[in-house]
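The exercises below are meant for someone meeting this structure for the first time. Try each task with the sequence and the model in view, and then follow the solution step by step.

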Amino acid sequence: MLAFLGRRVLIAIPTIILISIFVFGMQKLLPGDPVLAMAGEERDPEVLEYLREKYRLNDPIPVQYLNWIGNALRGDLGISLRTNQPVLELIGQKLPVTIQLAVMALIIAMVIGIPAGVLSAYKKGTWIDWVANTVALSGLSVPNFWLGIMMILLVSVQLGWLPASGYRPLSEDPIQSIKTMLMPAFVLGTAIAATLMRHTRSAMLGVLKSDYVRTARAKGLSERVVLVKHALRNALVPIVTVTTLLFGELLAGAVLTEQIFTIPGFGKLVVDAVFNRDYAVVQGIVLCTGVAFIAMNILADAAYRVLNPRMKDQ
Amino acid sequence: MTAILKTRGLRREFLTKKPLFGAPTVVRAVDGVDLEIETGETFAIVGESGCGKSTLARLLVRLIDPTEGEVWYDGTDIAHVPAVKMRALRRDLQFVFQDPFSSLNPRMTVGALIEEPLHTHGWVDRSARKARVAELLTRVGLTPAHADRFPHEFSGGQRQRIGIARALATGPKVLIGDEPVSALDVSIQAQVINILEDLKDEFGLTLVIIAHDLAVIRHMADRVAVMYLGEIVEVASCEDLFAKPRHPYTEALLAAIPIASVGARKAETRLSGDLPNPIDPPSGCRFHTRCPYAEASCANERPALTDVGGREVACHRVHEVQLKGLAEDAPARSPAAQARFQMYRAASAEKQKPNP
């Protein structure tokens, strides 16, 4: 297992280098001048030149890249052009918030999606299957921002059960933190639950037709054992794949939801950075997200080998 | 001898996918089967692909529910007992599946696969279960150390033996094999068949074997039922059936066995045409469309399975037609082959003569 993980990490290195080149190159292609954004009202050529010199924007692009990647390897992702904070510190502040949101959304999605998928596969063609599919389709079709606003209206304004905003970090005030995260996590979770339900259903449909499920029934096992022990465990590989990919998406894609519930997370940081031509921050964030995606994929690969003993030989 | 498994008017219909308009079509995979399987015998069910023999096997242990009819085991109609009671009965009625590659859960070790039914059927003591698993593995020619491996690490023959060990774990009284050897190489088939026969004597099992390979059946079975399009057309002792078939379809099946003898003459009976569509089976005797002895009247009425001198046959003309079985001696050679053999003998006699 360790050798396998080591190999996967080695393979990931060229991927990360490619991502970094890509991120850096895209930044340079964006229209707009960060120095102008930084200088604000100031249009004095000398000041602009001074700023360019200070942030080494006059160097050739490959040199700029090497400077950046060299510093990044030492844990220095540069300084935000806008707030003058180190990028790593900014990410360190915002990332835990988004991770908390993503984990909560994922838990909600799994609690809803996997049992619904199993049930709808088991009761294929009945009204249960039909209802589950209809609900899933609605979950996929309803836009996050609309559902978010409706939930604020109903749960916060009308019923007053949960606060619409006022996020506190988990370490400072756990109850308030979870309370404020519950609605956004639900909004994100329902959309993901729908995807998860559809994948669980199709994986289970395949497995339920297999001969070893019939063998399990012939043994005289109860339906619950047949479903969970024999069928679901074999259907888990595609479910794990989808779950890890969805988690990666959640880290980067919660922008709208974070805006609606005014959560100071990663998504807000990205949007602000892009609008302000805050090169260093955007680069840092995209690099971090890329590395996170790769890490999730390696974890998923490791999970396959635990789930499927046949993969151990390969 | 008493019957351990008995079916009465067993019928199973499958519905094809419902079209947008109109009713779905009905396929009668098993249509009105009455069988009595006696304690301790090896009972074979034979027929060509699609005749409903696998469906019948599954009905016998209620892996699927019948549309109509009864299956009696030990004074219980298992086709209609509640699911909980049926699960308890599975201890006595076990099944060996056709495909040893797909019928074992790939995520569980061999030990866990064999142990699971023990756990379900009341073996509480963990060490006793482990000992039983080791004993079963040894019994089917594997070693106790194999218990920690996964199914994919074994060959087809070994996997089928694992399947047999699994089926025997709870000490069943009836073992049903749905084509238990047809997925295996011929060299491995004999090995698995021998294991099944040994275990049958050792555990006092009643074996029900589904097969399309007549050589396997002739080797193993005490009695044979021949199936055609969801119906039983003949039931007889293995010896009688192979020596002297009484149903034209049985004769045709036997005639299809290749004879390993140079220049042997093939029997003339051959089936013409394909198996009719089971959605719309022929009227009257279902075999009349392909039967070389059929008369116009055969299309009118469905023949019932009737006792004909110690065996059961469903044919209107059973007393009129004389059928050929498998001759015990090598069949006569064709005139051309005889002439060639004579020339060969003369030539070799010439060679033997000492040179003058």
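**Exercise 1: The overall fold**

Chain A has 13 helices and zero strands, in a model that is predicted. Describe the order of the elements along chain A and the extent of its C-alpha trace.

*Solution.* Begin with the order: read along the sequence, chain A follows the pattern α-α-α-α-α-α-α-α-α-α-α-α-α. Turn next to the extent, where the C-alpha trace of chain A spans about 85 × 55 × 35 Å along its principal axes.

**Exercise 2: Burial and contacts**

Find what share of chain A counts as buried, and what share of its contacts joins residues at least 24 apart.

*Solution.* For burial, take the 314 residues of chain A, of which 34% count as buried. For the contacts, consider those in chain A between residues at least 6 apart in sequence; 73% of them join residues at least 24 apart.

**Exercise 3: A pair of helices**

Work out how helix 5 and helix 13 of chain A are oriented, and which residues meet.

*Solution.* First, the axes of helix 5 (residues 87-122) and helix 13 (residues 279-307) of chain A come within 9 Å and cross at roughly 55°. Second, angles from 35 to 65 degrees fall outside the parallel and perpendicular ranges, and the two helices of chain A are therefore oblique to each other. Third, their crossing is right-handed. Fourth, Val87(A), Leu90(A) and Ile91(A) in helix 5 meet Ala280(A), Val281(A), Gly284(A), Ile285(A) and Cys288(A) in helix 13. By class, this contact has seven nonpolar, one polar and no charged residues.

How values were computed:
Residues are numbered from 1 along each chain as its sequence is written. Chains are lettered from A and ligands numbered from 1 in the order in which they are written. This is a predicted model: local features need pLDDT of at least 70, side-chain atom pairs count only at pLDDT 80 or more; totals for chains, interfaces and linings use all residues. Axes are lines fitted to C-alpha atoms, for helices over the stretch in contact, and angles run from 0 to 180 degrees between N-to-C directions. Helices (H or I, at least four residues) and strands (E, at least two) are DSSP runs, numbered from the N terminus. Angles under 35 degrees count as roughly parallel, over 145 as roughly antiparallel, 65 to 115 as roughly perpendicular and the rest as oblique. A crossing is left-handed if the near helix is turned anticlockwise from the far one by less than a right angle, and right-handed if clockwise. Two residues are in contact if their C-beta atoms, placed from the backbone, lie within 7 Å. Ala, Val, Leu, Ile, Met, Phe, Trp, Tyr, Cys and Pro count as nonpolar, Asp, Glu, Lys and Arg as charged, and the others, Gly among them, as polar. A residue is buried if 20 or more other C-beta atoms lie within 10 Å of its own, exposed if 12 or fewer, and partly exposed in between; C-beta atoms are placed from the backbone.
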